[in-house]
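Thanks for sharing this one with me. I have put my reading into a few numbered points, and I hope they are handy while you look around.

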Amino acid sequence: CYSAGEDKTVRCWDLVTNKNIRNYHGHLSGVYCIALHPELNIIATGGRDATVRLWDVRTKTQIHCFHGHTDAVQSVVMQGYEPQLASGASDGTIRLWDIPSGKRLEVLTNHKKSIRSMIMHHSEYTFASASADNIKKWKCPEGTFMRNFSGHKAIVNTIALNQDNVLVSGGDNGTLYFWDWKSGYNFHQLQTITQP
């Protein structure tokens, strides 16, 4: 298990003993997101310092530091195929990165507002990003825009996808929207009481 926060440190925890077993240092400010690679022993972290850092899990060595975002990195996702890493930031851009070379592959600028959350599809070669403006679906490897999931009337803070291809989005007004991944159809909505 990994945790991160405003103290600039990423911590690895042993879930059996509930002890901190490793720390990863390098971010210059708070760390906002973490992703584990599905096949390799590496993690990616993104933070307020506008960088994405790639770490070797066992040695705690920083493998790459990806620069290019101009504001805090809010979400990182990884997959086994090219591009292996995608990052979304408050600057409204998504950047696709190649892990072996440490180079940026693409910059996606379709969003006009801060990227809050991203997910990779479990079997398709696609991913989605959530922002204050809407949710977008992308095709890998170039990050080709596929469709908007439109209709959320709030800033979308988080998204998740299950094995049945149901995309769930959560807004800051207490709404949950349920979408069909293939068609983009919004088939259900829930409204909860917004917390102060």
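The points below go from the whole chain to its sheets, then to single residues and the pocket.

1. **What kind of model this is.** Please keep in mind that this is a predicted model. The chain has 19 strands and zero helices. Its radius of gyration is 17 Å, close to the 16 Å that the globule rule gives for 196 residues, so the chain is as compact as a globular protein of that length. The C-alpha trace spans about 45 × 40 × 30 Å along its principal axes, and 47% of the 196 residues count as buried.

2. **The hairpin of strands 2 and 3.** Strand 2 (residues 9-14) pairs with strand 3 (residues 19-25) in the antiparallel sense, over six bridges. If you want a register mark, arginine 11 has asparagine 23 in strand 3 as its bridge partner. Four residues lie between the two strands of this hairpin, and asparagine 18 in the turn has a positive phi of about 60°.

3. **The sheet 4-5-6-7.** This is an open sheet of four strands, in the order 4-5-6-7 and with antiparallel pairing. Strand 4 and strand 7 (62-66) are its edge strands, each pairing on one side only. From one strand to the next the twist averages 20°. Strand 6 (residues 52-56) is joined to strand 7 by four bridges in the antiparallel sense, and valine 52 stands opposite phenylalanine 66 in strand 7.

4. **Cysteine 33 in strand 4.** Which strand holds cysteine 33? The residue sits in strand 4 (residues 31-36). Its relative accessibility is 9%, and since buried means under 20%, cysteine 33 counts as buried. From cysteine 33 to threonine 9 the separation is 24 residues in sequence and 12 Å in space, C-alpha to C-alpha.

5. **Two loops with a positive phi.** Please have a look at alanine 50 and lysine 60. Alanine 50, in the loop between strand 5 (42-47) and strand 6, is a residue other than glycine with a positive phi, near 70°. Lysine 60, in the loop between strand 6 and strand 7, is not a glycine either, and its phi is positive at about 65°. Are these residues buried or partly exposed? Alanine 50 counts as buried at 12% relative accessibility, whereas lysine 60 counts as partly exposed at 40%.

6. **The sheet 8-9-10-11.** Here is another open sheet of four strands, with the order 8-9-10-11 and antiparallel pairing. Strand 8 (73-78) and strand 11 (103-108) stand at the edges with a single partner strand each, so one side of each has no neighbour in the sheet. Neighbouring strands are turned by 20° against each other on average, direction ignored.

7. **Pairings inside that sheet.** Strand 8 and strand 9 (residues 85-89) are antiparallel and share five bridges; valine 76 has serine 87 in strand 9 as its bridge partner. Strand 10 (residues 94-98) and strand 11 also run antiparallel, joined by five bridges, with tryptophan 97 opposite arginine 104 in strand 11. Strand 10 and strand 11 form a hairpin with four residues between them, and glycine 102 in the turn has a positive phi of about 75°.

8. **Cis peptide bonds.** Two places are worth a look. The bond from glutamate 82 to proline 83 is cis, with omega near -10°, and proline 83 is in the loop between strand 8 and strand 9. The bond from cysteine 140 to proline 141 is also cis, with omega near 10°; proline 141 lies in the loop between strand 14 and strand 15 (144-149).

9. **Alanine 132.** This residue is in the loop between strand 13 (126-131) and strand 14 (135-139). At 25% relative accessibility, alanine 132 counts as partly exposed. The C-alpha atoms of alanine 132 and asparagine 157 are separated by 7.7 Å, with their positions 25 residues apart along the chain counted as their distance apart.

10. **The largest pocket.** How much space lies in the largest pocket? About 230 Å³. There are 14 lining residues, and Gln79, Met120, His121, His122 and Ser123 lie nearest the centre of the pocket. The lining of the largest pocket divides into seven nonpolar, five polar and two charged residues.

Notes: Residues are numbered from 1 along each chain as its sequence is written. This is a predicted model: local features need pLDDT of at least 70, side-chain atom pairs count only at pLDDT 80 or more; totals for chains, interfaces and linings use all residues. Side-chain values use heavy atoms; hydrogens and water are left out. On a 1 Å grid over the protein atoms alone, a cavity is a set of points where a 1.4 Å probe fits but cannot get out, and a pocket is an open set with protein on both sides within 12 Å along at least five of seven lines; lining residues have an atom within 4 Å of a point. Grid points are joined across faces, edges and corners, and a volume is the space filled by probe spheres set on the points. Ala, Val, Leu, Ile, Met, Phe, Trp, Tyr, Cys and Pro count as nonpolar, Asp, Glu, Lys and Arg as charged, and the others, Gly among them, as polar. Two strands pair if DSSP finds at least two bridges between them. Axes are lines fitted to C-alpha atoms, for helices over the stretch in contact, and angles run from 0 to 180 degrees between N-to-C directions. The radius of gyration is taken over C-alpha atoms; the globule rule is 2.2 Å times the number of residues to the power 0.38. Buried means under 20% relative accessible area, exposed over 50%, partly exposed in between (1.4 Å probe, protein chains only).
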